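Here's a walk through a two-chain model, going from domains to interfaces to a few local details. Have the structure open as you read.

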Amino acid sequence: MRRFLRSGPDPERERLKRELFQFNKTVEHGFPHQPSALGYSPSLRLLAIGTRSGAIKSAPSYGAPGVEFMGLHRENNAVVQIHFLLGQCQLVTLLDDNSLHLWSLKVKAGVSELQEEESFTLRSPPGAAPSATQITVVLPHSSRELLYLGTESGDVFVVQLPAFRALEDKTVSSDAVLQRLPEEARHRRVFEMVEALQEHPRDPNQILVGYSRGLVVVWDLRGSRVLYHFLSSQQLENVCWQRDGCLIVSCHSDGSYCQWPVSGDVQQPEPLPSYMPYGPFPCKAITKIFWLTTKKGLPFTIFQGGMPRASYGDRHCISVIHGSQQTAFDFTSRVIDFTVLAEADPTAAFDDPYALVVLAEEELVVIDLKVAGWPLVQPPYLASLHCSAITCSHHVSNIPLKLWERVITAGSRQSTQFSSMEWPIDGGTNLAPAPPQRDLLLTGHEDGTVRFWDASGVCLRLLYKLSTVPVFLTDADPNESLHTQGEDEWPPLRKVGSFDPYSDDPRLGIQKIFLCKYSGYLAVAGTAGQVLVLELNDEAAEHTVEQVEADLLQDQEGYRWKGHERLCAAGPVHFEPGFQPFVLVQCQPPAVVTSLALHSEWRLVAFGTSHGFGLVDHQQRRQVFVKCTLHPSDQLALEGPLSRVKSLKKSLRQSFRRIRRSRASTRKRRPAGLPGEVRHEVPEAKTERAGLQNMELAPVQRKIEARSAEDSFTGFVRTLYFADTYLRDSSRHCPSLWAGTNGGTVYAFSLRVPPAERRMDEPVRAEQTKEIQLMHRAPVVGILVLDGHSVPLPEPLEVAHDLSKSPDMQGSHQLLVVSEEQFKVFTLPKVSAKLKLKLTALEGSRVRRVSVAHFGSCRTEDYGEHHLAVLTNLGDVQVVSLPLLKPQVRFSCIRREDVSGIASCVFTKYGQGFYLISPSEFERFSLSTKWLVEPRCLVESAETKNHSCPHNGAGHEKAVGRARNSGSQSDGEERMPGPVMEHALLNDERVLKEIQSTLEGDRACRSYGDWHSRRMAVGYSLSNGGGK
Amino acid sequence: MNRSHRHGAGSGYLGTMEVKSKFGAEFRRFSLERSKPGKFEEFYGLLQHVHKIPNVDVLVGYADIHGDLLPINNDDNYHKAVSTANPLLRIFIQKKEEADYSAFGTDTLTKKKNVLTNVLRPDNHRKKPHIVISMPQDFRPVSSIIDVDILPETHRRVRLYKYGTEKPLGFYIRDGSSVRVTPHGLEKVPGIFISRLVPGGLAQSTGLLAVNDEVLEVNGIEVSGKSLDQVTDMMIANSRNLIITVRPANQRNNVVRNSRTSGSSGQSTDNSLHGYTQPTESSFQFDEDSDEDDIIIEDNGAPQQIPKAVPAAESLESLAQIELSFESGQNGFIPSNEVNLAPGPSGTNTESETRAPDHKLLEEDGTIITL
């Protein structure tokens, strides 16, 4: 009956839920996956990148830090080219389906957003081959109305913007060009496709058309005639027109480039001698060239490719030649495109280039051309998160200023090789409020490094990089990476970029990270059972890291570890200022560390592997205890990961064979053919292929079986948790360590930590006090203790730093155990079942990540609730209430097939989260109405800047979604332009008052309609709060 | 009914109904407006009033047309009792502390109750030793067909008791498609099917599930729209007390409906095991806490089952018992946790199959039910 009464939503709670929870995907951090095109607007100082990442194509634009836009094409096609229209907030993209799309940066309610305006596909005339209209080059004309489209057929079509109206009478057909060429130049097949289209830098009525066979003509648009033509003996790749229009530089497929002076009278100028920078042996094509003049006289020649084919043909190089200086920048991944930032004013006499921007497959590199040595500029965004594959991540909210500054200081010492140049791509204005707090995202990488990212705002910025590699002796020569080419070497290669996916030793990989933001203690655990405890030191130091060995098998007999060896610790090591390790705990066997917890107040570190868990006193550098969690029958866990992989492969192969055998009997009677073939094939490959084919025939089956204690990996320690709670009796609380395993077992140890004054003299003692076996045996993924007010216990040192109320130690504590299938609350100290929520039984979903988050109300300052943020294996994020375990809201967030995305998810303490949408990009999402980090920025072209009105009243009526949301996500229109409101409001007190009055008058009635205005007002208060 | 009542025919006609209420050895008679029975709370108050037991917590039961003792504890079953009473509503009242829950249920008034009592109640709740008559003490149900009366005849709801047996559940499921009748005509919809039974497994040994049976529900949750993996996870999560509703591929063995079958038990024709009583209401609660028996080891002592937290003030065992039973279902009479309360044999009765469902008189039986 009580159940009956409970049903039906409580309107009050529903309203509160709306004030607390809201789901938004806010911003993508990192480097776009599979970039395919680069565009740059010198007047807007904006950069655009197009991608080809499977289903979703995007064209993000970037300007000043914080200025970011995202646009999604509806089509699932790669972006081939991006061109900004001169001086306008518009850009044109060409997709690989030959469609053109016009995008605009529209200002709505004070924020710019990227919107698709128009799309267009060039239609071929009846009877013509489809290639006739296959666009190869796009030239936006300076008149801003016309777009010249070079095609594979050699014709240049003209379309009018913004409507994409084809102007057929203006087409520059290859026939027309042919007719107007002098007799001797009319070779057969001189045309083929258009490789280059350029407008005369000074005269908008002249365009240059370069054809792939080597013919270049300068076409007079008004007179429809050929002004000049040049014929090169080599296939043309690209051309560049010198700023004054007097010189044309062409580059060719044989790795040469050629200069053609253009003078008034000669119709067919003679070229200056062609130059092959990396000759004389055959070279690869120079695919793009820039010829840039400087005030000082010597021009910059910057080109892509042209390397000697035999010895350096596999390099991805861009060469810069300036007088006697020449460098071939050698990129670690393929160069997609590059551009040079130079004088934007078209009337200026010289280019005076100042930066080279290179879009490589895996990173964006900007090189300072003004400083000798051409140093790199550290990008404030588009960081290559995946320069070594990300293996884990850890988020720490609200970093104390002290620690923040020390990390930044340590980091700035690491980036001395970077140029001091301000980020040159600085278009637009960032309107987002200053982040209300300092957040750190720590990523662990395969190469044994931990990167510290500033995750407070829209730009994910690298603050500091920690390498654990020096602690260990590895095969890799530490100097190898620093090895630079000698002066006399040719070509003058210089490695640039941070993308380095090759790990020297997979054992170095980081698996778990735990940072205490109050003490600056950091624990980092890796693939070979190594656990390092580090502390922040502002001085460089040289010392030997003390080692503690933790034998997790203890006296278990007869087990043999077949996995990798442990890493060998090096002797005394010189450590740079920053996080310096002082204790190394080595688990034996050296299996992957699967869980880690650090208690900086008690100076204890706990770690777990698939064999058990242990506790080390890092103050005394002494092991407190180890506990083996292995089930006697779990042989697999003992043998190590390598044999495990092997056995999986083997079992797969066996199952393929089994299937094939069963199929074979049905096939026997069939006349030879397939079985005969099989016999002749390479046995292994063919068997597997046949197996795969048969797999498709046989339906996918799932075995239904209860979990048993004998299942593999039951001892795998999934979670560790420190708590000061009532473990033994209700009169005394004590430190405790909790561990949860894959087999649904929870162990609790009561600890005795000596008081501070005797901390070094007396040992820490531990005693197993409780062991709970969940009968459903699902893996335990989270353990939490709630205090007498049902509030989660604070973090260590949080109370000491006055950042949290002391926990309530009067009332009775409760233990929350989250398994993949259920949430359960037990009483403490006597364990009895109090509440539970069965997730899997009801929904069929399983918990993948769970974390406590504080959800602040967007309506009432200071009101907030602690709840569980949960990610399931179906990619849904849910909020489950504490302490009653009631599901609050659920949103689908990650595609359920995206296993790595789900595995990479990390929640923040304030209801936001990150997950990898590609190896190189984090998507940031928010479950909170209060904490949203999303780009808000304004870009105005030169003209609109002058006319823009100081306050934008119309914006108050509409909330704006960003372009990327406008298509599919309905939540898009709910987005509120908070900071913009602030921007507008500060200019207009009247509006401020109006909003305030609405706010007050609205408290009673809460229709959906006034939801927006309420939220806007909240946005205002939030951004004010941010300033505190 | 053999025993006719003076007001019998008339009472229905007049819209009033005679109530005969028994508490202990005392009877009270009064009449009720059939069309306006009022609320259960009022009725409960009335009973307390007529029996002069205003402050005694009691359980109220009635004899339905089949002679089953069924509880009245909410408006729904009270109205049901009133509407079906013909011509006399016979009420049985027990003190809560002395309540014998086993009295409730199918055929309870017409058979010997001690078997059931034996079965349903763990030893520590037993008021007095009962004599085991026919069943071996260690008998365990392994499967049953349930909810026959509320399911379409083409469906079968099967309960597999993994509890205590070492036998694997032993079946596999797959994706497939089935044809459904929809407002737009026949439509092919994706479904989940049983693809394989492991020889010797629980599923196969019961004979209640077969290859190509379509799975419609898992423990009361519809599987339509769920992926194979989701359904797999749901089944494994419920593996200790798995209730699968299937549409058998072979429809010939369907349970033959008998209007006289009271309660909800049904028996498949090819099953030698016996039905297990379930509440008749369709609001059957599926979250039976068969996995509530998490184990705790304190200070390296002996493993113990983790008890349910009991509100401090009501630590009386009997009250806790009532709490549980009220929570577990609207009817609140069969403690649906009995599966874990009683790891022993469950509600089975060989007699129930052979008993002719005729109108036997309710007989006086022990201390509880008397006519």
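What follows covers the domains, the contact between the chains, and some annotated stretches.

## How the chains divide up

Keep in mind that this is a predicted model. Chain A splits into four pieces: domain 1 (33-121), domain 2 (440-474 + 500-630), domain 3 (711-837) and domain 4 (845-938). Note that domain 2 of chain A is written as two segments, 440-474 and 500-630.

Chain B is divided into domain 1 (16-103) and domain 2 (143-253). Taken over C-alpha atoms, the centres of domain 1 of chain B and domain 2 of chain B are separated by 39 Å.

## Domain 2 against domain 4 in chain A

Measuring between C-alpha centres puts domain 2 of chain A and domain 4 of chain A 27 Å apart. Each side brings the following to the contact: 7 residues from domain 2 of chain A and 7 residues from domain 4 of chain A. Together domain 2 and domain 4 of chain A bury about 480 Å², with 79% of that on carbon and sulfur atoms. On the domain 2 side, L441(A), A455(A) and V458(A) do much of the work: they supply 65% of the area that domain 2 of chain A buries against domain 4 of chain A, more than any other three residues.

What about charge and polarity here? The rule finds 0 salt bridges across the interface of domain 2 and domain 4 of chain A, and the count of residue pairs in polar contact is 2 (both at pLDDT 80 or more). The side of domain 2 of chain A that touches domain 4 of chain A is made of 4 nonpolar and 3 polar residues, with no charged ones.

## Where chain B meets chain A

Interface size is often quoted as the accessible area lost when the parts come together. For chain B and chain A that buried area is about 4100 Å², and carbon and sulfur atoms give 49% of it. The contact draws 51 residues from chain B and 45 residues from chain A.

How many salt bridges are there between chain B and chain A? The count is 4. In one salt bridge, K770(A) pairs with E298(B), their closest N and O atoms lying 2.5 Å apart. Between chain B and chain A there are also 16 residue pairs in polar contact (both at pLDDT 80 or more).

On the chain B side, the elements giving two or more residues are β8 (171-182), β9 (185-197), α6 (228-237), β13 (295-298) and α7 (317-327) of chain B. The largest share, 9 residues, comes from α6(B). Sorted by class, the side of chain B that touches chain A has 19 nonpolar, 12 polar and 20 charged residues.

## A long-range tie and the annotated stretches

Over all chains, a search of the whole structure turns up 42 salt bridges. K295(A) and D352(A) meet in a salt bridge through their side chains (3.1 Å, N to O). K295(A) sits in the loop between β21 (286-292) and β22 (300-305) of chain A, and D352(A) in the loop between β25 (335-341) and β26 (355-360) of chain A, so the pair ties together parts that are 57 residues apart in sequence.

An unreviewed UniProt entry places "domain: Lethal giant larvae homologue" at residues 275-375 of chain A. Over residues 275-375 the chain is 4% helix and 45% strand, with the end C-alpha atoms 27 Å apart. The UniProt annotation "repeat: WD", also from an unreviewed entry, covers residues 436-454 of chain A. Residues 436-454 of chain A come out at 0% helix and 63% strand, and the end C-alpha atoms are 13 Å apart.

Methods. Residues are numbered from 1 along each chain as its sequence is written. Chains are lettered from A and ligands numbered from 1 in the order in which they are written. This is a predicted model: local features need pLDDT of at least 70, side-chain atom pairs count only at pLDDT 80 or more; totals for chains, interfaces and linings use all residues. Side-chain values use heavy atoms; hydrogens and water are left out. Domain bounds come from an automatic or database domain assignment. Contact means heavy atoms within 4.5 Å. Buried area is the accessible area (1.4 Å probe) that two parts lose on being put together, summed over both. A polar contact is a pair of N or O atoms within 3.5 Å; within protein, one must be able to donate a hydrogen and the other to accept it, and residues adjacent in sequence count only if both atoms are side-chain atoms. Ala, Val, Leu, Ile, Met, Phe, Trp, Tyr, Cys and Pro count as nonpolar, Asp, Glu, Lys and Arg as charged, and the others, Gly among them, as polar. UniProt positions are given in the numbering used here, feature names are shortened, and annotations may be inferred rather than shown by experiment.
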